[in-house]
Amino acid sequence: MNYKKPGSLFVLFLLLLCVVLTGFFFLAEDYYDYAAGSIQAAAQNPTLDKDDLKTLNTPPKEKTELPIRFRNFFITDTRAQEVQLQADFNGWGKTPIFLKPYPRGYFEISLALPAGEYKYVFVVDGKDVLDPNNQDRTEFNGRQVCIKTIK
């Protein structure tokens, strides 16, 4: 019988397989040692003192109202291409806030604002437009603006 000697590629494959399996077994052993230590640490009962028991028996504090609320700003203008919100909370346009356009000329944005009184105006295609849904208005720096109060 004639047997062929294994090729160099096959020998290289076997050596690589041995290296990979050896690495796997070393990693598995390290993981086993880690897991065993974690299980032993979890099984130990820590001693509790009176302060710990008091905190365990104390009911959780009731949630208070969050100081920040989401408020919608919206306007409808079928001819508008772009609507921007200018307000005292964005430096009167220094940080632009653009309303998202929806079908039929509806523009809207929802902002998280803390309680307080805010002055604002819409800028529709470059022109100031007062909020038609808000009649609470005042004059500020020579122009009419709307006031939104968040409690």
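Two strands are taken to pair if DSSP finds at least two bridges between them. Helices (H or I, at least four residues) and strands (E, at least two) are DSSP runs, numbered from the N terminus. The structure is a predicted model, in which local features need pLDDT of at least 70 and side-chain atom pairs count only at pLDDT 80 or more, whereas totals for chains, interfaces and linings use all residues. Residues are numbered from 1 along each chain as its sequence is written, and side-chain values use heavy atoms, with hydrogens and water left out.

The protein chain contains 2 helices and 9 strands, arranged along the sequence in the pattern α-α-β-β-β-β-β-β-β-β-β. Of its 151 residues, 21% count as buried (buried means under 20% relative accessible area, exposed over 50%, and partly exposed in between, with a 1.4 Å probe and protein chains only). About 12400 Å² of the protein chain is exposed, and carbon and sulfur atoms supply 59% of that area; accessible areas come from the Shrake-Rupley method with a 1.4 Å probe, and for residues only the protein chains shown count as cover. Among contacts (heavy atoms within 4.5 Å) between residues at least 6 apart in sequence, 64% join residues at least 24 apart.

Strand E5 (residues 106–114) has two faces: Phe 107, Ile 109, Leu 111 and Leu 113 form the covered one, while Tyr 106, Glu 108, Ser 110, Ala 112 and Pro 114 form the uncovered one. Strand E1 (residues 68–76) pairs with E5 in the antiparallel sense over 9 bridges, and Ser 110 in E5 stands opposite Asn 72. Strand E4 (residues 100–102) also pairs with E5 in the antiparallel sense, over 3 bridges; Glu 108 in E5 is the bridge partner of Lys 100. E4 and E5 form a hairpin with 3 residues between them, and Arg 104 in this turn has a positive phi of about 65 degrees.

Strand E6 (residues 116–124) is mostly covered, with 7 of its 9 residues buried. Strand E2 (residues 83–87) pairs with E6 in the antiparallel sense over 5 bridges, and Leu 85 is placed opposite Phe 122 in E6. The pairing of E6 with strand E9 (residues 143–150) is likewise antiparallel and runs over 5 bridges, with Ile 150 in E9 as the bridge partner of Gly 116. A further antiparallel pairing, over 3 bridges, joins E6 to strand E7 (residues 127–129), where Lys 127 stands opposite Val 124. E6 and E7 form a hairpin with 2 residues between them, and Asp 125 in the turn has a positive phi of about 50 degrees.

Two residues of E6 were examined individually. Val 124 is buried, with a relative accessible area of 7%. Leaving aside neighbours within four places in sequence, Val 124 is in contact with Ile 75, Asp 77, Ala 80, Glu 82, Val 83 and Val 129. The C-alpha atoms of Val 124 and Glu 82 are separated by 6.0 Å, although these residues are 42 apart along the chain. Lys 119 is buried yet has no salt bridge, and the nearest side chain of opposite charge, that of Glu 117, is 4.3 Å away. For these assignments, Lys and Arg count as positive and Asp and Glu as negative, while His and the chain ends are not counted; a salt bridge is a side-chain nitrogen of Lys or Arg within 4 Å of a carboxyl oxygen of Asp or Glu. With the same sequence neighbours left aside, the contacts of Lys 119 include Gln 86, Asp 88, Trp 92, Phe 140 and Ile 147.

By this rule the count comes to 2 salt bridges. One joins the side chains of Asp 77 and Arg 79 at 3.9 Å, N to O; Asp 77 counts as buried at 19% relative accessibility, whereas Arg 79 is exposed at 69%. The other links Asp 128 and Arg 143, whose closest N and O atoms are 3.2 Å apart. Asp 128 lies in strand E7 and Arg 143 in strand E9, so this pair ties together parts that are 15 residues apart in sequence. Both are partly exposed, Asp 128 with a relative accessible area of 43% and Arg 143 with one of 26%.

A nonpolar surface patch of about 870 Å² is made by Phe 10, Val 11, Phe 13, Leu 14, Leu 15, Leu 17, Leu 21, Phe 24 and Phe 25. Patches are made of residues with over 30% relative accessible area and no salt bridge, like charges being joined within 9 Å and nonpolar side chains (Val, Leu, Ile, Met, Phe, Trp, Tyr) within 5 Å. Within this patch, Leu 17 lies in helix H1 (residues 8–43) and is partly exposed, with a relative accessible area of 38%.
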